[in-house]
Amino acid sequence: MKTRVYDVIIIGAGAAGLTAGIYCGRSGLDTLIIEEDSIGGLANKSYHIGNYPGFPNGIKGLDLMDAFYEQALAAGVQFRFESVQSLQIDKIKKSIETNNCRYESYAVIIATGGQPKKIGAIGEEKFMGKGISFCTVCDGAETKGKIVMVIGTGDTAIDQSIYLTQFADFVFISSNNPIGQLDCTDKEKLKWLPQEKIKVLWNTKIHEFCGTDHLSKVVLEDMDSKERFQVTCDYCFEFIGFTPNSVLVEGRIELDKDSGIVTNAKMETSNPGVYAIGDVRKKVLKQLATATADGAIAASEVKKYIDHLIK
Ligand SMILES: Cc1cc2nc3c(=O)[nH]c(=O)nc-3n(C[C@H](O)[C@H](O)[C@H](O)COP(=O)(O)OP(=O)(O)OC[C@H]3O[C@@H](n4cnc5c(N)ncnc54)[C@H](O)[C@@H]3O)c2cc1C
């Protein structure tokens with residue numbers, strides 16, 4: 001049987017992939033989205049999204065993603081629910097193998113997202129979204145007048161700890177480093193931390209998250225003495241890294257040191273006809289607003305790329 005050749009195949013139906021789909025479909029491109037799990041991706045996990053423009057009272061992630069899906073269907077986008085296992089991207093015509101099919105297209109948009117790394121302590125799953133967060137832009141404003149714990153001392157952790165002091169009454173930072181050793185690029189930042197609002201708990205790791213319906217305290221362990229102690233806190237922000245789902249193109253497309261796909265401002269990767277958008281790419285702000293912007297840009301570039309191929 002002859003394999004159908006799509007104009008563009010988008011891998012991943014999160015906010016980035018769905019937006020790219022809407023734009024591709026509306027510009028007349030024959031578009032397929034392949035999704036291995038559920039439509040909506042990471043945003044489905046957000047019970048309340050308060051910073052996506054257009055919803056002054058916030059919106060549930062699931063509801064927002066349902067609306068994106070409806071709009072993609074209305075734009076003529078087709079969907080397959082399969083897991084992409086491998087890609088052949090070095091020729092003009094790209095080939096995509098899933099767990100049970102093979103597809104072809106002239107352009108591929110990688111929108112496979114990623115996951116924030118978790119600490120793995122007792123109670124973490126229970127309090128996810130109920131005090132434990134990975135995103136101060138999303139949940140920082142909720143910490144007004146509260147006590148907060150931040151995990152990590154990398155660039156994001158330190159910057160976000162300072163950011164949180166404008167809302168929270170006090171911010172503890174748990175660091176598994178010896179006294180005085182930050183992981184962030186600017187080691188001098190320690191001098192600038194507002195001592196009256198931030199305290200670093202050196203040489204500690206999180207043992208357990210506790211509370212009833214919402215996080216109310218964290219049990220830490222001193223890494224030398226193994227002694228455990230409690231810190232009362234209402235929110236805990238984990239900043240120990242993010243893992244982009246870029247394994248499909250590892251070794252064939254340029255990635256940064258954290259495995260994010262490197263793109264230019266047009267969302268083009270180092271391989272012609274292959275674009276990357278949303279959380280899977282190297283970027284400074286991983287949010288819905290930036291995922292949708294990436295999707296719109298990539299789709300408009302794909303349209304130009306395909307028109308040029310056809311001429
Ligand atoms: C806890 C939490 C709360 C957040 N809250 C907010 C908020 O309030 N506001 C905000 O703006 N942002 C928020 N964010 C960030 C936001 O959710 C992400 O930036 C956004 O959802 C990323 O969209 P994406 O499409 O790039 O990736 P994703 O949503 O991760 O979508 C990627 C999709 O690709 C699929 N996929 C992966 N590999 C394959 C494969 N091999 N084959 C087929 N499909 C595949 C996945 O199943 C997934 O559906 C939050 C993030 C987290 C973790």
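Is Ser259 counted as buried, partly exposed or exposed, and how many C-beta neighbours does Ser259 have inside 10 Å? The legends below take up this question and others in a model that is predicted.

**View 1. Ser259 and Asn203, two loop residues with positive phi.**
Ser259 counts as partly exposed because 17 C-beta neighbours lie inside 10 Å, a number that falls short of the 20 required of a buried residue but exceeds the limit of 12 for an exposed one. Ser259 sits in the loop that runs between strand E16 (242-244) and E17, and the phi of Ser259 is near 75 degrees, a positive value in a residue other than glycine. Most residues other than glycine have a negative phi. Asn203, placed in the loop between E11 and E12, also departs from that tendency, with a phi near 60 degrees. Asn203 has 18 C-beta neighbours inside 10 Å and therefore counts as partly exposed.

**View 2. The largest nonpolar core and the residues around Ile110.**
The largest nonpolar core holds 53 residues, and within this core Ile109, Ile110 and Val302 touch the most other members. Among the elements that give two or more residues to the core are strand E1 (5-11), helix H1 (15-26), helix H2 (61-74), strand E6 (102-110) and strand E17 (274-276), while H6 gives the most, with eight residues. Leaving aside residues up to four places away in sequence, Ile110 touches Ile11, Val249, Ile261, Val274, Tyr275, Ala276 and Val280. Apart from this core lies another one, of 27 residues, which includes Leu164, Val171, Phe172 and Tyr235. In soluble globular proteins, nonpolar side chains tend to be buried together.

**View 3. The surroundings of the ligand.**
The ligand is surrounded by 37 residues, of which the closest are Gly12, Gly14, Gly41, Gly113 and Gly278. The elements that contribute two or more residues to this shell are H1 and H6. Sorted by class, the shell consists of 19 nonpolar, twelve polar and six charged residues.

**View 4. The parallel sheet of five strands.**
Five strands form an open sheet in the order E8-E15-E9-E10-E11, and their pairing is parallel. Strand E8 (132-133) and strand E11 (198-201) stand at the edges with a single partner strand each, so that one side of each has no neighbour in the sheet. Within this sheet, strand E9 (residues 147-151) and strand E15 (residues 235-238) pair in the parallel sense over four bridges, and Ile151 stands opposite Glu238 in E15.

**View 5. Helix H4 across the strands.**
Helix H4 (residues 155-164) lies across E9, strand E10 (170-174), E11 and E15, and runs at about 170 degrees to E9. The buried residues of H4 are Ala157, Ile158, Gln160, Ser161 and Leu164, and these residues pack against helix H3 (136-139), E9, E10, helix H5 (189-192), E11 and E15. Leu164 of H4 is also among the members of the core of 27 residues.

**View 6. The antiparallel sheet of three strands.**
An open sheet of three strands has the order E12-E13-E14, with antiparallel pairing. Strand E12 (204-211) and strand E14 (228-232) form the edges, and each has a single partner strand, so one side of each is left without a neighbour in the sheet. From one strand to the next, the twist averages 30 degrees. E12 and strand E13 (residues 215-222) are joined in the antiparallel sense over seven bridges, with Ile206 standing opposite Leu220 in E13. Five bridges join E13 to E14, where the bridge partner of Glu221 is Arg228. These two strands form a hairpin with five residues between them, and Lys226 in the turn has a positive phi of about 65 degrees. E14 is hardly covered, since the count of buried residues among its five residues is zero.

**View 7. Two hairpins linking E4, E5 and E6.**
E4 and strand E5 (residues 94-98) pair in the antiparallel sense over four bridges, and Gln88 stands opposite Ser95 in E5. The hairpin that joins E4 to E5 passes through five residues. E5 and E6 likewise pair in the antiparallel sense over four bridges, with Lys94 opposite Ser105 in E6, and three residues lie between the strands of this hairpin.

Terms used:
Residues are numbered from 1 along each chain as its sequence is written. This is a predicted model: local features need pLDDT of at least 70, side-chain atom pairs count only at pLDDT 80 or more; totals for chains, interfaces and linings use all residues. A nonpolar core is a set of buried Ala, Val, Leu, Ile, Met, Phe, Trp, Tyr and Cys residues joined through C-beta atoms within 7 Å. Two residues are in contact if their C-beta atoms, placed from the backbone, lie within 7 Å. Two strands pair if DSSP finds at least two bridges between them. Axes are lines fitted to C-alpha atoms, for helices over the stretch in contact, and angles run from 0 to 180 degrees between N-to-C directions. A residue is near a molecule or strand if its C-beta atom, placed from the backbone, lies within 6 Å of it. Ala, Val, Leu, Ile, Met, Phe, Trp, Tyr, Cys and Pro count as nonpolar, Asp, Glu, Lys and Arg as charged, and the others, Gly among them, as polar.
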